[in-house]
Amino acid sequence: MNRETYYGVLRDFKGGQFESISKDYHGMCRAQDEMIASLQAKGATIKGWKIVEDKNTFIISPIFDFQLANNHSEQFNLSDVTGFEVELCYQASVPDTEQEVDALVSASQPKVAIEVMREKINPLSHIGCDFFFNYGIIVADDVVVGDFQFNSNTSDEVFEYRSTDSELLAEKQLFLKKGLVECVRRGYQGEFFFMTGSLNGMLEAKTRLGKNTILSHGQTMIRFDVTG
């Protein structure tokens, strides 16, 4: 599977016209499942899920193998991407039953991740069937503990985050729980990354030109370049 084939499947899909997740949840899940099956038949492998909430209704959206970027050497061009979102990400294996989910969530530890955003592919599909503008993800190898920062060599602005904030962690673990439950319900088994939502909104790609790093206690967790 490559990005061109992926874009073609999303662009040509005719069954993605919905009003909202909360109103059209079941139909949207069926449409997603149809697209996922088509992509898997062409060789794609699911590596993770983006968890999205709309009026207390949660839905998952797939992240495929070719969308998982190198966490220390990736380069993105402004013509391909629109921005970057810093997130907390969890790696977990989907259990056989919903009753096992709480124990997995309690034992989970967050990693830092970047979601790379793109333009919409199919102008007719709801964003849930356009897979929420996801171009790819970058996930740190190690669990993050305490504070971390997002820096760019072309800007003096530093974004500070705290992974030990109990209220924030409770919110992100709720998203993880909902994502695991959705995987159980929809029959997606395996070990996946679970992206739990932006910590400070999307940072436009044009503001991140140059070398970008996520640092925690002096350690480089993620490094990537943005070119024009």
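At which residue does α2 bend, and by about how many degrees? In this predicted model, the bend lies at Gly27 and amounts to about 50°.

## Helix α2

Helix α2 covers residues 21–41 and spans only 26 Å between its end C-alpha atoms, whereas a straight helix of 21 residues would span 30 Å at 1.5 Å a residue. After α2 comes Gly43, with a positive phi near 110°.

Gly27, the site of the bend, is itself among the buried residues of α2. The others are Ile21, Tyr25, Met28, Cys29, Ala31, Gln32, Met35, Ile36 and Leu39. The packing partners of these buried residues are two helices, α1 (3–12) and α4 (166–186), and two strands, β1 (46–54) and β2 (57–64).

## Nonpolar cores

The largest nonpolar core contains 65 residues, of which Ile114 and Phe194 touch the most other members. Helix α2 gives the most to this core, with eight residues. Apart from it lies another core of seven residues, including Ile63, Val139, Phe193 and Met195.

Leaving aside residues up to four places away in sequence, Ile114 touches Phe84, Glu85, Val86, Gly136, Ile137, Ile138, Phe150, Met195, Ile214, Ile222 and Phe224. Met195, one of these contacts, belongs to the core of seven residues.

## Thr97 and its surroundings

Thr97 is located in the loop between β5 (83–93) and α3 (101–106). Its relative accessible area is 31%, so Thr97 is classed as partly exposed.

The side chains of Thr97 and Glu100 are joined by a polar contact of 2.9 Å. Cys183 is 86 residues from Thr97 in sequence, with 10.0 Å separating their C-alpha atoms in space.

Key:
Residues numbered from 1 in each chain as written. Predicted model: local features only at pLDDT ≥ 70, side-chain atom pairs only at ≥ 80, totals over all residues. Heavy atoms only, no water. Helix = DSSP H or I, 4+ residues; strand = E, 2+ residues; numbered from the N terminus. Expected span 1.5 Å × (residues − 1). Bend = angle between axes of the 7 residues up to and from the residue. Buried < 20%, exposed > 50% of the residue type's maximum accessible area, 1.4 Å probe, protein only. Contact = heavy atoms within 4.5 Å. Polar contact = N/O pair within 3.5 Å; in protein donor to acceptor, adjacent residues only side chain to side chain. Core = buried A, V, L, I, M, F, W, Y, C linked by side-chain atoms within 4.5 Å.
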